[in-house]
Amino acid sequence: MGRALLRLLISKESELRRKYDVRWRLTGIATRRIGWIAEPEGLNPIAALSSHFPQLANPPRNVREWLERSKADVLFEASSLDTHSGQPAIDHLVAALEAGAHAISANKGPLVHDYQRLAGLAKARGKQFLFESTVMDGAPIFSLFPLGLPATELRGFAGVLNSTTNVVLTEMEKGRSLDEAVKRAQAAGIAETDPTHDLDGWDATVKVTAIVNVLMGVPLRIEQVQRTGIRELSEEKIRSVRAAGMRYKLICRAERRGDGVECRVGPELLLMSDPMAGLEGTSSAIRFDLDVMSISLVEHNPGIEATGYGLLADFLRAAKC
Ligand SMILES: NC(=O)c1ccc[n+]([C@@H]2O[C@H](COP(=O)([O-])OP(=O)(O)OC[C@H]3O[C@@H](n4cnc5c(N)ncnc54)[C@H](OP(=O)(O)O)[C@@H]3O)[C@@H](O)[C@H]2O)c1
């Protein structure tokens with residue numbers, strides 16, 4: 001994610017300057033292995049893309065020292081997701097906001113575990129907490145609301161939000177076993193080494209929880225989502241329904257019920273006439289059911305650039321606020 005963002009920042013540098021009067025400098029990088037690197041005068045982004053980092057004599061020891069030394073105006077949080085705690089991303093984002101930087105997250109964990117606190121902290125500090133790339137990459141899911149759809153109530157939504165299962169189910173329809181389909185998704189760089197998170201519906205559940213917390217204003221925990229993965233679907237069943245003009249998809253649903261929201265993630269059998277049945281490859285889609293209408297967004301076969309774009313779009317929103 002970090003590299004995809006950096007490539008986009010480099011390729012769009014003059015466009016950002018010309019059209020938006022926004023200039024950027026890379027003043028810090030941190031990962032588990034390389035530690036905390038800060039250089040307020042600016043690091044070489046091309047060298048960083050090829051993993052050439054300066055050796056600091058006295059490197060920062062933690063996120064707060066790193067933010068202070070780098071004099072960051074914006075922090076991009078793209079560490080690995082911890083589904084059950086949202087850490088260390090939450091600590092990174094809190095530290096950024098407290099240091100007076102905008103906080104932009106690709107990590108869904110903070111939306112699931114600490115959205116209210118982070119949003120409140122951002123407001124109190126007059127900074128932005130943005131997270132467009134967490135669901136459907138660069139598609140404007142969160143930024144649709146409220147600006148693009150003022151005075152509407154979101155009553156529910158349905159979508160295909162996990163690309164690994166979409167790819168795996170498509171491969172199984174073609175005759176591959178679950179293991180073979182997962183291996184193909186891994187070889188294409190779509191599935192993780194440990195695909196459990198996707199196959200058992202956790203990724204989709206985390207996304208549903210994030211959307212409900214942010215857009216429906218109802219605090220929801222991941223355990224409250226009724227979750228079924230795709231492992232129980234047999235290869236024969238997947239192929240026979242396909243031959244009969246139907247398809248299984250891992251569907252995410254949320255529906256307002258009184259003061260709460262009822263949510264579920266699980267495989268559903270769709271007729272080919274259903275727009276979600278036609279989603280191929282890494283494509284994803286969401287239908288928002290509003291009080292005044294329903295609208296859908298479809299993202300066609302996104303690659304890593306699309307996720308990088310979600311971060312770039314947030315960066316511009318923060319820089320121009
Ligand atoms: N890839 C996508 O298409 C996509 C789409 C939307 C959202 N996201 C989210 O974006 C985030 C990054 O995804 P990715 O695909 O770029 O993952 P990735 O390739 O696994 O990279 C994760 C990065 O986080 C670093 N990291 C992990 N734990 C850390 C810690 N405790 N402190 C500091 N750094 C830590 C890792 O450092 P080391 O390498 O040094 O261990 C690595 O650089 C995840 O939260 C993911 O869910 C990804």
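The following legends describe close-up views of a predicted model.

**Figure 1. The shell around the ligand in the predicted model.**
The ligand is surrounded by 18 residues, and the closest are Met1, Thr31, Arg32, Arg33 and Ala106. Two elements, strand 1 (28-31) and helix 13 (304-319), each contribute at least two residues to this shell. Sorted by class, the shell comprises seven nonpolar, seven polar and four charged residues.

**Figure 2. Helix 13 and the elements that cover its buried residues.**
Helix 13 has 16 residues, which at 1.5 Å a residue should span 22 Å; the C-alpha atoms at its ends are 23 Å apart, in agreement with that expectation. Its buried residues are Thr307, Gly308, Tyr309, Gly310, Leu311, Leu312, Asp314 and Phe315. Among the elements covering them are helix 1 (2-11), strand 3 (74-77), strand 4 (102-105) and strand 5 (129-130). Helix 13 also supplies at least two residues of the shell around the ligand.

**Figure 3. Helix 5 and its surroundings.**
Helix 5 is largely enclosed by the rest of the structure, because eight of its ten residues are buried. The buried residues are Ala89, Ile90, His92, Leu93, Val94, Ala95, Ala96 and Leu97. Their cover includes helix 4, strand 3, strand 4, helix 6 (109-113), helix 7 and strand 5. Just after helix 5, glycine 100 adopts a positive phi of about 85°.

**Figure 4. Packing of helix 5 with helix 7.**
The axes of helix 5 (residues 89-98) and helix 7 (residues 115-125) cross at roughly 10° and come within 9 Å. Helix 5 is therefore roughly parallel to helix 7. On the helix 5 side, the contact is made by Leu93, Val94 and Leu97; these meet Leu118, Leu121, Ala122 and Arg125 in helix 7. Six residues of this contact are nonpolar, none is polar and one is charged.

**Figure 5. Packing of helix 8 with helix 12.**
Helix 8 (residues 163-173) and helix 12 (residues 235-243) pack with their axes 8 Å apart and at an angle of about 80°. This angle makes helix 8 roughly perpendicular to helix 12. Leu169, Met172 and Glu173 in helix 8 meet Glu235, Ile238, Arg239 and Arg242 in helix 12. The contact of helix 8 with helix 12 contains three nonpolar, no polar and four charged residues.

**Figure 6. The environment of alanine 210 in helix 11.**
Alanine 210 belongs to helix 11 (residues 202-216). Because 24 other C-beta atoms lie within 10 Å, alanine 210 is buried. Apart from neighbours within four places in sequence, alanine 210 is in contact with Lys108, Leu111, Val112, Thr134 and Val135. Proline 275 is 65 residues from alanine 210 along the chain, and the C-alpha atoms of the two residues are separated by 24 Å.

**Figure 7. Glutamate 41 in the loop between strand 2 and helix 3.**
The loop that holds glutamate 41 runs between strand 2 (35-38) and helix 3 (45-49). Glutamate 41 counts as exposed, since it has 7 C-beta neighbours inside 10 Å. Glutamate 41 and arginine 25 are 16 residues apart in sequence, and their C-alpha atoms are 7.9 Å apart in space.

**Figure 8. Cis peptide bonds preceding proline 88 and proline 146.**
The peptide bond from glutamine 87 to proline 88 is cis, with omega near 0°. Proline 88 is placed in the loop between strand 3 and helix 5. A cis peptide bond also joins phenylalanine 145 to proline 146, with omega near -5°. Proline 146 is located in the loop between strand 5 and strand 6 (154-160).

**Figure 9. Positive phi at serine 51 and alanine 151.**
Although serine 51 is not a glycine, its phi is positive, at about 60°. Serine 51 lies in the loop between helix 3 and helix 4 (63-70). With 10 other C-beta atoms within 10 Å, serine 51 is exposed. Alanine 151, likewise a residue other than glycine, has a positive phi near 55°. The loop between strand 5 and strand 6 contains alanine 151. Alanine 151 has 8 C-beta neighbours inside 10 Å and therefore counts as exposed.

Notes:
Residues are numbered from 1 along each chain as its sequence is written. This is a predicted model: local features need pLDDT of at least 70, side-chain atom pairs count only at pLDDT 80 or more; totals for chains, interfaces and linings use all residues. A residue is near a molecule or strand if its C-beta atom, placed from the backbone, lies within 6 Å of it. Helices (H or I, at least four residues) and strands (E, at least two) are DSSP runs, numbered from the N terminus. Ala, Val, Leu, Ile, Met, Phe, Trp, Tyr, Cys and Pro count as nonpolar, Asp, Glu, Lys and Arg as charged, and the others, Gly among them, as polar. Axes are lines fitted to C-alpha atoms, for helices over the stretch in contact, and angles run from 0 to 180 degrees between N-to-C directions. Angles under 35 degrees count as roughly parallel, over 145 as roughly antiparallel, 65 to 115 as roughly perpendicular and the rest as oblique. Two residues are in contact if their C-beta atoms, placed from the backbone, lie within 7 Å. The expected span of a helix is 1.5 Å times one less than its number of residues. A residue is buried if 20 or more other C-beta atoms lie within 10 Å of its own, exposed if 12 or fewer, and partly exposed in between; C-beta atoms are placed from the backbone.
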